[in-house]
There are 2 protein chains.
Amino acid sequence: MADRRRMPRSREVARELRQAIEAGELLPGSLLPSERELVAKYQISSGTVNKVIALLKSTGLVVSEVGRGVFVRRRPQLIRHAHDRYARRWRESGKAPFKAEVEAQGRSARVEVTSIARIEPPKWVAERLGLGGGDHVLRRENTYYVDDAAVQIVNTYIPLSIAEGTSLEEEVPGPGGIYAAFEEQGHRLTRMLEEVQARMPRNGEVERLNAEPGTPVLDVLHISYDQDDTPMDVSHFVLRGDENVLTYELPTE
Amino acid sequence: MADRRRMPRSREVARELRQAIEAGELLPGSLLPSERELVAKYQISSGTVNKVIALLKSTGLVVSEVGRGVFVRRRPQLIRHAHDRYARRWRESGKAPFKAEVEAQGRSARVEVTSIARIEPPKWVAERLGLGGGDHVLRRENTYYVDDAAVQIVNTYIPLSIAEGTSLEEEVPGPGGIYAAFEEQGHRLTRMLEEVQARMPRNGEVERLNAEPGTPVLDVLHISYDQDDTPMDVSHFVLRGDENVLTYELPTE
DNA sequence: AAGTGGTCTAGACCACTGC
DNA sequence: CAGTGGTCTAGACCACTTA
């Protein structure tokens, strides 16, 4: 009742396969017919079959592995990032919220510090930190893993005026993470701002997050403020969109 | 320095074009060489050129129009959805925050009420509203337009026990929108929860949002609670990912 | 009418997997 | 080794836009 003009054959076939999957005829984890079989079954060329598979992959319904086949994707367990993930109670518990959330699902969590360096900040960081030209920042790059698959990349930028000479420059800034280290320097987290966007992964991210090309990422810019409303850090999160949910709880005035 | 194994020719060519665009050799709004010209220039087949274009489209760098050509995308103006978009101050001002935000950018905003109906709620709505079997809800479907292009679809579900017989069942529930109507019924908004995900558009959404296939959407589930912590409504937002930013301001404990 | 993107064909070769 | 997905070719036809 919807399509007024004829659908391309590739979309038709993709729709049939999608319906078979949703109807449970093809169970999660199971193998689709091979491309050659689909060529014979639907009387279409290999190029078209390849496009059909590309369409299904782009919606995250299937994953392909060269030499093995195309599999119906297992519904990924979502990782929830709660609004209170920065709350003091987490720091005091000594367990990072990411780790707690993931392990509660029976999966293993790991964080890797990729690099720590003093750099000249990109302008979008300098702006948000209220820095002038010449001011430098400490950049901490982290990668978060679940079951040894990267799901999240985080770059944190901290004004050198705050970080210089403190444990923030060390690989492990101490128990409770960087926000505990901020408190030791007298900067208490009172407020934060997050800007959330959805976009396609950039080139390097496809590999770093081993996201299937065609699945989007959540791009989150986080800014923390201390008791004087001075920005303490800007953190840039890139999360695999299909495996993460952000939750926010907001009081209204 | 990065690629250990040979890149497919289609990605190589896509990279060259992307660099040309980023270097400013191809300005936003300008026309790329036609597919036939690219075939000749890069000595590749038409199928490969088509794939190159598909790659560039999938990152949102270009848009194609049949019969016209492929254009470097103009950087879209972002629509910001502020954390305080439900604040009472907006209701009292009589101007919806969406409209205010968009018009501040010199663009035109419009909301269309697509349908209002009493229905049996989907289970994910019933769960969040705390409804049992047999309870019904009022569903209000809206589409939001900027410059006459749809950028946002919203479905709002309200328990019939709250909405029945009130102005919430009318197309225009009164000045100040539905939250003002809630207040008239004695339900004051005190708290809300949002769950944010990034995903690819589903079939119908590609057309309704006239999003280029290949650009993701933000999927936001919003739940409002009144002074008794009773859920008043569940709203499901689908936004074009490339044109919207969500911002959240969060106090810490 | 000429040019455009979108789709498709009927093959081919490649790197990879698993037996 | 046979089978798999990924990529590519050298065409073709279609619906569409612009002039």
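**Exercise 1. A residue between two helices**

Where is B:Q43 found, and which two helices flank its loop? Decide also whether it is buried or exposed.

Solution.
Step 1. B:Q43 sits in the loop between α2 and α3 of chain B. Helices (H or I, at least four residues) and strands (E, at least two) are DSSP runs, numbered from the N terminus.
Step 2. This is a predicted model, in which local features need pLDDT of at least 70 and side-chain atom pairs count only at pLDDT 80 or more, while totals for chains, interfaces and linings use all residues. Residues are numbered from 1 along each chain as its sequence is written, chains are lettered from A and ligands numbered from 1 in the order in which they are written, and side-chain values use heavy atoms, with hydrogens and water left out.
Step 3. Relative accessibility of B:Q43 is 70%, so the residue counts as exposed. The cut-offs: buried is under 20% relative accessible area, exposed is over 50%, and partly exposed lies in between (1.4 Å probe, protein chains only).
Step 4. Look at the backbone. Phi of B:Q43 is near 60 degrees, a positive value in a residue other than glycine. Most residues other than glycine have a negative phi.

**Exercise 2. The helices on either side**

Describe how α2(B) and α3(B) cross, and list the residues that meet.

Solution.
Step 1. Helix α2 of chain B covers residues 35–42, and helix α3 covers residues 46–58. Their axes come within 9 Å and cross at roughly 110 degrees. Axes are lines fitted to C-alpha atoms, for helices over the stretch in contact; angles run from 0 to 180 degrees between N-to-C directions.
Step 2. α2(B) and α3(B) are therefore roughly perpendicular to each other. That label covers 65 to 115 degrees; under 35 is roughly parallel, over 145 roughly antiparallel, and the rest oblique.
Step 3. The crossing of α2(B) and α3(B) is right-handed. In a right-handed crossing the near helix is turned clockwise from the far one by less than a right angle; anticlockwise is left-handed.
Step 4. From α2(B) come B:E35, B:L38 and B:V39. They meet B:S46, B:V49, B:N50 and B:I53 of α3(B). Contact means heavy atoms within 4.5 Å.
Step 5. By class, this contact has four nonpolar, two polar and one charged residues. Here Ala, Val, Leu, Ile, Met, Phe, Trp, Tyr, Cys and Pro count as nonpolar, Asp, Glu, Lys and Arg as charged, and the others, Gly among them, as polar.

**Exercise 3. From chain B to chain A**

What turn and shift lay chain A on chain B? What share of the contact residues of chain A recurs in chain B?

Solution.
Step 1. A turn of 180 degrees and a shift of 0.0 Å along the axis lay chain A on chain B, with an RMSD of 0.1 Å. Copies are superposed by least squares on the C-alpha atoms of residues with pLDDT of at least 70 in both.
Step 2. This is the relation of a two-fold axis.
Step 3. 100% of the contact residues of chain A recur in chain B, and the same surface serves both copies.
Step 4. Now turn to the helix pair of chain A. The axes of α2(A) and α3(A) cross at roughly 110 degrees, and the crossing is right-handed.

**Exercise 4. A residue that touches the other chain**

Which residues is B:A198 in contact with, leaving aside its neighbours within four places in sequence?

Solution.
Step 1. Find B:A198 in strand β7 (residues 191–199) of chain B.
Step 2. Relative accessibility is 3%, so B:A198 counts as buried.
Step 3. With those neighbours left out, the contacts of B:A198 are A:A198, A:P216, A:V217, A:L218, A:G241, A:D242 and B:V217.
Step 4. B:G241 is 43 residues from B:A198 along the chain, and their C-alpha atoms are separated by 7.8 Å.

**Exercise 5. Two loops and a helix**

Decide whether B:R74 and B:D229 are buried, partly exposed or exposed, then list what is buried in α5(B).

Solution.
Step 1. B:R74 lies in the loop between β2 (69–72) and β3 (79–81) of chain B. It is exposed, with a relative accessible area of 59%. Apart from neighbours within four places in sequence, B:R74 is in contact with B:P28 and B:G29.
Step 2. B:D229 is in the loop between β8 (217–225) and β9 (231–240) of chain B. At 43% relative accessibility, B:D229 counts as partly exposed. Its phi is positive, near 65 degrees.
Step 3. Helix α5 (residues 97–104) of chain B has B:F98, B:A100 and B:V102 buried. B:G106 follows α5(B), with a positive phi near 75 degrees.
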